[in-house]
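Work through the exercises below with the structure open. Each task is followed by a solution in steps.

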Amino acid sequence: MRAVVADGSGALVLLERPVAQPGSGEVLIKVAAAGVNRPDVLQRRGMYPPPPGAPDVLGLEAAGTVVAAGPGAEQLLGQDVCALVAGGGYAEYCLAPAGTCLHVPKVLSLVEAAAMPETLFTVWVNLFERGFAADGDRVLVHGGTSGIGTMAIALAKLFNLQMIVTCGTDAKCARAVALGASAAINYATQDFVEEVHRITGRAGVNVVVDMVGGDYLPRNLACLAEEGRHVSIAVQRGASAEVQIFDIMRRRLILTGSTLRPRSVEFKTMVADEISRTVWPYVEGGRLKPVIDRTFALAEANAAHERMEAGDHVGKIVLEVAQ
């Protein structure tokens, strides 16, 4: 099969690799499409090595048809699925744990399905499980037109959250509002802390989901209402920050965060079960779809990464695999 790996110099190369066979609880997917995510870019640069046991082939999500199944996964044979994987999505065939597979309904194309697992699992875990977002809550998410941001906006509409996002241009802010955000702040020209307080009548937000880190952390805390929750999911501006501990105590704030890729298959299976029950019915009903920015052929993986790094995309970038 053809597969994409990092060559060690910061580029991606398309190689021939043997097709692996599924073990117990695994399926082999003939890949139709694979989502592109920022951790893939970090892995290509040598800054995010695969966890132990994961393949060096890039790709954290894929969609296609199950063509082989190991013991305990035979029920998925022949089905179209999308799956969260620890690696291997950028290829013609990909192994996936059966527990992290979700069936693809007819209302969803395989390209759309491939764009869902990574962002959906990430937003669900961090916004709802760790951030305890509940009906009517006000939420701040940075990167409102990213894959994470657009998925957060979509889920906010379904679960009655007031979603405030930040974006880097007025055009992206307008796009975020058109997608359903309650408000969008241009962080390049506006102080997002002051804007959050203006928008909320100085009440603040109940949850912040932050992929920026560094000096954003104390500013995010200033946006929180009493009993607010701050959830860190990435550290693009740095992995350390200084905060006022007494302020956290006085306002009873919660600081938490998580990573997804290194978590166990058992944990990811539990999340998939929750999503299957609570979110996937909206997918089946045509009420939840990802925002697709652009698709590239598998051989154009470098160009796909260039588009992500340029920061001009809105929604997900997807690789299509010729069948």
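Buried means under 20% relative accessible area, exposed over 50%, and partly exposed in between. The model is predicted.

**Exercise 1. Classify F159 and Y282 as buried, partly exposed or exposed.**

Step 1. The relative accessible area of F159 is 21%. This value falls between the two cut-offs, so F159 is partly exposed.

Step 2. Y282 has a relative accessibility of 21% and counts as partly exposed.

**Exercise 2. Describe the geometry of the aromatic pair of F159 and Y282, and locate its two residues.**

Step 1. A pair of aromatic rings is described by the distance of the centres and the angle of the planes.

Step 2. For F159 and Y282 the distance is 5.8 Å centre to centre, and the angle between the planes is 75 degrees. Planes over 60 degrees apart count as edge-to-face, and the pair of F159 and Y282 is edge-to-face.

Step 3. F159 sits in the loop between α4 (147-158) and β9 (162-167), while Y282 belongs to helix α10 (residues 280-284). The pair therefore ties together parts that are 123 residues apart in sequence.

Step 4. F159 and Y282 also belong to one aromatic cluster with W124 and F128. The structure holds five aromatic pairs.

**Exercise 3. Describe the pair of F192 and Y216 in the same terms.**

Step 1. The ring centres of F192 and Y216 are 5.0 Å apart, with the planes at 40 degrees. Planes under 30 degrees apart would be stacked and planes over 60 edge-to-face; the pair of F192 and Y216 is therefore tilted.

Step 2. F192 is in helix α6 (residues 192-199) and Y216 in helix α7 (residues 216-223). The two residues are 24 apart, and their pair links distant parts of the chain.

Step 3. F192 and Y216 are both buried.

**Exercise 4. Decide how compact the chain is for a globular protein of its length.**

Step 1. The chain has 11 helices and 15 strands.

Step 2. Its radius of gyration is 19 Å, and the globule rule gives 20 Å for 323 residues. These values are close, so the chain is as compact as a globular protein of that length.

Step 3. The C-alpha trace spans about 55 × 40 × 35 Å along its principal axes.

Step 4. Of the 323 residues, 53% are buried. Among contacts between residues at least 6 apart in sequence, 67% join residues at least 24 apart.

**Exercise 5. Summarise the surface and the charges of the chain.**

Step 1. The chain exposes about 13400 Å², of which carbon and sulfur atoms supply 52%.

Step 2. There are 29 positive and 34 negative charges, and their mean positions lie 3 Å apart.

Definitions and conventions. Residues are numbered from 1 along each chain as its sequence is written. This is a predicted model: local features need pLDDT of at least 70, side-chain atom pairs count only at pLDDT 80 or more; totals for chains, interfaces and linings use all residues. Side-chain values use heavy atoms; hydrogens and water are left out. Helices (H or I, at least four residues) and strands (E, at least two) are DSSP runs, numbered from the N terminus. The radius of gyration is taken over C-alpha atoms; the globule rule is 2.2 Å times the number of residues to the power 0.38. Buried means under 20% relative accessible area, exposed over 50%, partly exposed in between (1.4 Å probe, protein chains only). Contact means heavy atoms within 4.5 Å. Accessible areas come from the Shrake-Rupley method with a 1.4 Å probe; for residues, only the protein chains shown count as cover. Lys and Arg count as positive and Asp and Glu as negative; His and the chain ends are not counted. The place of a charge is taken as NZ of Lys, CZ of Arg, CG of Asp or CD of Glu. Rings of Phe, Tyr and Trp (its six-membered ring) pair if their centres lie within 6.5 Å; planes under 30 degrees apart count as stacked, over 60 as edge-to-face and the rest as tilted.
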